[in-house]
Amino acid sequence: QVQLEEAGGGSVQAGGSLRLSCAASGRTSSTYAVGWFRQAPGKEREFLAAIRWRGGYTYYADSVKGRFTISRDAAENMVYLQMNTLKPEDTAIYYCAAGGIVTTDPNDYQYWGQGTQVTVSS
């Protein structure tokens, strides 16, 4: 099993930046991909970015490309999401997830963190 824990959420004004972290523990050797998702009230869970653990291949949703950067520190089992130029529409609960393939579908990820709230004010 893999346990994930997000941190770094909070409140920020529009145009600001925030850096989220995802700490992975447990049997992480079998993890192939880690993704970041977000979910706002009344909306479906939205894919943001994913990274392949070995090699560091990354993939981004068009909505965040150029503003968000996903990275990982394999030695520390940490994944990060650097978010710049934040907008009010970025307000949501942000989740990290681990799975066996790089995919945009949340149903393909087996392990999830509890989420961290990001609030962007105008």
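Which residue in S3 stands opposite Glu 5? In this predicted model, the residue of S3 opposite Glu 5 is Ala 23. Strand S3 covers residues 18-26 and is joined to S1 by six bridges, the two strands running antiparallel. Both strands belong to an open sheet of four strands, in which the order is S1-S3-S8-S7 and the pairing is antiparallel. The edges of this sheet are formed by strand S1 (2-7) and strand S7 (68-73); each has a single partner strand, so one side of each is left without a neighbour in the sheet. On average, and with direction ignored, neighbouring strands of this sheet are turned by 20 degrees against each other.

Two loops that adjoin strand S8 each contain a residue with a positive phi. Most residues other than glycine have a negative phi. Asn 77, in the loop between S7 and strand S8 (78-83), has a phi near 55 degrees, which is a positive value in a residue other than glycine. Asn 77 has a relative accessibility of 23% and therefore counts as partly exposed. Thr 85 is found in the loop between S8 and strand S9 (92-99). The phi of Thr 85 is near 50 degrees, again positive in a residue other than glycine. With a relative accessible area of 46%, Thr 85 is partly exposed, because the range for this class runs from 20% to 50%.

Strand S9 is paired with several other strands. Seven bridges connect S9 with S4, and these two strands run antiparallel. Within this pairing, Gln 39 has Ile 93 of S9 as its bridge partner. Strand S11 (residues 116-121) also pairs with S9 in the antiparallel sense, over three bridges, and Val 118 in S11 is the bridge partner of Ala 92. A further three bridges join S9 to S10, again with the strands running antiparallel; here Ala 97 has Trp 112 in S10 as its bridge partner. Of the eight residues of S9, seven are buried, so this strand is largely enclosed by the rest of the structure.

Strand S4 includes Arg 38. The relative accessibility of Arg 38 is 7%, and the residue therefore counts as buried, since the limit for burial is under 20%. The side chains of Arg 38 and Tyr 94 are joined by a polar contact of 3.0 Å. When neighbours within four places in sequence are left aside, the residues in contact with Arg 38 include Glu 44, Arg 45, Glu 46, Leu 48, Ser 63 and Phe 68. Glu 89, Asp 90, Ala 92, Ile 93 and Tyr 94 are also among the contacts of Arg 38.

Aromatic side chains were examined next. Six aromatic pairs are present in the structure. In one of them, the ring centres of Phe 37 and Tyr 109 are 5.1 Å apart and the ring planes stand at 80 degrees, so the pair is edge-to-face. This pair links distant parts of the chain, with Phe 37 in strand S4 (residues 33-39) and Tyr 109 in strand S10 (residues 109-112), 72 residues apart. Both Phe 37 and Tyr 109 are buried. Tyr 109 also forms an edge-to-face aromatic pair with Trp 112, in which the centre-to-centre distance is 6.2 Å and the angle between the planes is 65 degrees. The relative accessible area of Tyr 109 is 4%, so this residue is buried, whereas Trp 112, at 24% relative accessibility, counts as partly exposed.

Phe 37, Tyr 109 and Trp 112 are among the members of one aromatic cluster, which also includes Phe 47, Tyr 59 and Tyr 95. Arg 45 lies over the faces of two rings of this cluster. The distance from Arg 45 to the ring centre is 4.0 Å for Tyr 95 and 4.7 Å for Trp 112. Arg 45 is also one of the residues in contact with Arg 38. Trp 112, beneath Arg 45 in this arrangement of charge and ring, is in addition the bridge partner of Ala 97.

Definitions and conventions:
Residues are numbered from 1 along each chain as its sequence is written. This is a predicted model: local features need pLDDT of at least 70, side-chain atom pairs count only at pLDDT 80 or more; totals for chains, interfaces and linings use all residues. Side-chain values use heavy atoms; hydrogens and water are left out. Rings of Phe, Tyr and Trp (its six-membered ring) pair if their centres lie within 6.5 Å; planes under 30 degrees apart count as stacked, over 60 as edge-to-face and the rest as tilted. Buried means under 20% relative accessible area, exposed over 50%, partly exposed in between (1.4 Å probe, protein chains only). A charge sits over a ring if NZ of Lys or CZ of Arg is within 6 Å of the ring centre and within 35 degrees of the ring normal. Two strands pair if DSSP finds at least two bridges between them. Axes are lines fitted to C-alpha atoms, for helices over the stretch in contact, and angles run from 0 to 180 degrees between N-to-C directions. A polar contact is a pair of N or O atoms within 3.5 Å; within protein, one must be able to donate a hydrogen and the other to accept it, and residues adjacent in sequence count only if both atoms are side-chain atoms. Contact means heavy atoms within 4.5 Å.
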